[in-house]
Amino acid sequence: MDFQSYFPMWNQLTREQQAQLSGSAFQRSVPKGTVLHNGSADCTGLFLLVTGQLRAYMLSPEGREITLYRLFPMDICLFSASCIMRSIQFEVIIEAEKDTSMWVIPSEVYKQVMTQSAPLANYTNEIMASRFSEVMWLIEQILWKSLDKRLAGFLLEEAALEDTPSLKITHEHIANHLGSAREVVTRMLRYFQSENLVHLTRGTVEIVDSGRLSQIAQE
């Protein structure tokens with residue numbers, strides 16, 4: 001993937017600005033499970049995903065996680081450079097869900113070019129607005145959707161991402177995504193199993209009836 005492909009307004013930058021961004025960027029590869037960014041004090045840089053998958057989540061004072069959104073190839077991770085956005089006052093953790101390779105643009109370089117270029121600033125605001133829209137969607141799900149609907153939707157989404165109905169995933173991992181307790185997720189999965197929607201084995205959730213799960217998620 002070409003570096004400039006990540007920026008649809010690339011041709012609106014001056015040659016000097018293009019050189020600043022591309023010249024400062026470096027490639028980084030990390031294994032699954034690596035925490036790339038941990039809170040607003042950690043201003044790691046802007047991530048441009050080439051391969052793999054990242055997860056952005058928040059951690060409650062009690063240690064409970066909830067996934068805010070995920071990032072895939074050709075996505076830009078802005079919160080890893082949160083220091084360039086002074087209005088961000090909450091802690092976001094960025095973790096690699098799969099082995100991941102990316103371009104990294106140092107925060108100070110990106111901020112400098114952004115202050116010079118209105119097109120880049122506007123594009124950055126568009127990315128920020130998109131991420132906040134995803135967070136607002138999540139809040140709506142938590143407030144208005146019961147856990148069975150959210151769990152059914154999550155299992156279907158995971159099956160689509162992994163391209164298999166047999167998911168190598170723990171109950172605790174699911175709970176972390178949904179912001180719930182592991183025991184609650186386990187009870188709901190056992191209910192799904194009793195209804196012949198899924199089959200549970202150690203470390204695996206196999207979807208048996210995706211049609212009914214889809215109905216539950218959409219009710």
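The second largest pocket in this predicted model has a volume of about 340 Å³. Seventeen residues line this pocket, and those closest to its centre are K32, E97, E158, E162 and K168. Turning to where the lining comes from, β7 (93-96), α4 and β9 (166-168) each supply at least two residues. The most is given by β9, with 3 residues. Sorted by class, the lining of the second largest pocket comprises 8 charged, 6 polar and 3 nonpolar residues.

I now move to the largest pocket, which holds about 430 Å³ of space. Its lining is also made of 17 residues, and W137, L138, F154, E157 and L178 are the closest to its centre. Four elements each supply at least two lining residues: β5 (65-71), α3 (118-144), α4 (147-162) and α5 (171-178). Of these, α4 provides the largest share, 5 residues. In the lining of the largest pocket, 7 residues are nonpolar, 6 are charged and 4 are polar. Helix α4 thus deserves attention in both places, as a contributor to the lining of the largest pocket and to that of the second largest pocket.

Let me continue with α3, one of the helices that line the largest pocket. How does the span of α3 agree with its 27 residues? At 1.5 Å a residue, a span of 39 Å is expected, and the end C-alpha atoms of α3 lie 38 Å apart, which agrees. At the N-terminal end, S117 acts as a cap on α3, with a side-chain oxygen 3.2 Å from the backbone nitrogen of L120.

Which residues of α3 are buried? They are L120, Y123, T124, I127, M128, R131, V135, L138 and Q141. An α-helix has 3.6 residues a turn, so residues three or four places apart point the same way. The partners against which the buried residues of α3 pack are α1 (15-24), β5, β6 (76-77), α2 (107-116) and α4. Two residues in this list have appeared already: L120 takes part in the cap with S117, and L138 is among the residues closest to the centre of the largest pocket.

Finally, I would like to draw your attention to a loop. G52 sits in the loop that connects β3 (46-51) and β4 (54-59). Leaving aside residues up to four places away in sequence, G52 touches L71, F72, P73, K98, D99 and T100. As for L78, 26 residues separate this residue from G52 in sequence, and the C-alpha atoms of the two are 17 Å apart in space.

Note on methods: Residues are numbered from 1 along each chain as its sequence is written. This is a predicted model: local features need pLDDT of at least 70, side-chain atom pairs count only at pLDDT 80 or more; totals for chains, interfaces and linings use all residues. Side-chain values use heavy atoms; hydrogens and water are left out. On a 1 Å grid over the protein atoms alone, a cavity is a set of points where a 1.4 Å probe fits but cannot get out, and a pocket is an open set with protein on both sides within 12 Å along at least five of seven lines; lining residues have an atom within 4 Å of a point. Grid points are joined across faces, edges and corners, and a volume is the space filled by probe spheres set on the points. Ala, Val, Leu, Ile, Met, Phe, Trp, Tyr, Cys and Pro count as nonpolar, Asp, Glu, Lys and Arg as charged, and the others, Gly among them, as polar. Contact means heavy atoms within 4.5 Å. The expected span of a helix is 1.5 Å times one less than its number of residues. Buried means under 20% relative accessible area, exposed over 50%, partly exposed in between (1.4 Å probe, protein chains only). A polar contact is a pair of N or O atoms within 3.5 Å; within protein, one must be able to donate a hydrogen and the other to accept it, and residues adjacent in sequence count only if both atoms are side-chain atoms.
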